[in-house]
Amino acid sequence: MEFGELYEDNRLNWNDRAKVHVSSSMYRLDEYVNDPELISRTITYDRNFMGPVEGLSVAHLQCHVGTDTISLDRLGASSVVGLDFSDEAIVAAGRFAAAAGSSARFVEASVYDAPEAIGEKVDFVYTSIGAINWLHDIDAWGRAVAGLLEPGGRFYIRDTHPFAWIFEEIDGAIVPHFDYFNSGGALSWDEAETYSDNPDEIEITNTRHHEWNHSLPAVVNALVAAGLRIDRMDEHQGAPWELLPSAVKEGDLWYFPEPLRSQVPVLFSLNATKV
Ligand SMILES: C[S@@+](CC[C@H](N)C(=O)[O-])C[C@H]1O[C@@H](n2cnc3c(N)ncnc32)[C@H](O)[C@@H]1O
């Protein structure tokens, strides 16, 4: 398949998922509307790693329906713009932000076109949780991040650790299954499901989607080649989604059962600065 077809499959699949997510209890949009101080669980976690955003202009890449975007706004950013390629997500995010009293703005575009689509440089670029696995070209992503930042501006990402990707649960056992060194090939799926609950039973009709596992060196090298300095990296044992059927939930996070929990990181985070 040509890359354009893979991109369009993903965009249509995300449009369907956005329709489900806005009414899901997982995304709980009404709670942000009712509580003007509510910060998403993702941003609550990331506050301990990403550094302050008060007074900064912020761009949130792959913002989906905007829960983390308006949370960045609520932390006191001077301006926040969210970008996503799903028109359903961007329309939903704009409606949601207005209802929640946020001045965040939303732009529909591919990540790769973010600097032109957003049209201004910012002090801080944020992206997280299920973001870069949708991108086929990690070097172009690195250039887009760098293109958005003022010199001295900071970047933060928390996303799936590429090593955690190789595991699958087969007959109740979590075993290495997928290649770590997949030489850039897409993993393709055909599933009429998303990861949230679906209270309105909205059908997912655009079922094909494609993902890419980027190694940590690929991520670091993409950012360095684009002119960022890596300041810090961390690895995390808990993820905000049910990793595999026998994952163990503690608080808001799911963990691999021991001994895997102590052996394998499930997320990484990285802080960088545009030099
Ligand atoms: C799992 S969501 C990440 C969102 C965030 N963690 C959340 O839960 O709100 C992935 C997002 O990436 C977006 N996306 C995927 N590929 C993209 C691309 N090439 N350009 C822009 N957005 C993209 C999808 O539309 C979706 O909203």
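**Helix α3 and two helix pairs**

Right after helix α3, Gly51 adopts a positive phi of about 85 degrees. This is a predicted model, and α3 itself spans residues 41–50. Its buried residues are Ile43, Tyr45, Asp46 and Met50. These residues sit on the same side of α3, because the arc they cover around the axis is only 155 degrees. That fits the usual helix geometry: with 3.6 residues a turn, residues three or four places apart point the same way. As for what lies over the buried residues of α3, the cover includes α4 (67–74) along with the strands β4 (122–128), β5 (149–160) and β13 (267–274).

Now for the helix pairs. Helix α1 (residues 3–21) and helix α5 (residues 87–99) have axes that come within 7 Å and cross at roughly 30 degrees. The angle is under 35 degrees, so α1 counts as roughly parallel to α5. On the α1 side, the contact is made by Trp14, Asn15, Ala18 and Lys19, and on the α5 side by Asp87, Glu88, Ala89 and Ala92. Sorted by class, that gives 4 nonpolar, 1 polar and 3 charged residues.

The other pair is α7 (residues 138–148) with α8 (residues 216–225), whose axes come within 8 Å and cross at roughly 45 degrees. That angle makes α7 oblique to α8, and the crossing is right-handed. Here Ile138, Asp139, Trp141, Gly142 and Val145 of α7 meet Ala218, Val219, Ala222, Leu223 and Ala225 of α8. By class, the α7–α8 contact comes to 8 nonpolar, 1 polar and 1 charged residues.

Technical notes. Residues numbered from 1 in each chain as written. Predicted model: local features only at pLDDT ≥ 70, side-chain atom pairs only at ≥ 80, totals over all residues. Buried ≥ 20, exposed ≤ 12 C-beta atoms within 10 Å, placed from the backbone. Helix = DSSP H or I, 4+ residues; strand = E, 2+ residues; numbered from the N terminus. Arc of directions from axis to C-beta. Contact = placed C-beta atoms within 7 Å. Axes fitted to C-alpha atoms, helices over the stretch in contact; angles between N-to-C directions. Parallel < 35°, antiparallel > 145°, perpendicular 65-115°, else oblique. Left-handed = near helix turned anticlockwise from the far one by under 90°. Nonpolar A, V, L, I, M, F, W, Y, C, P; charged D, E, K, R; others polar.
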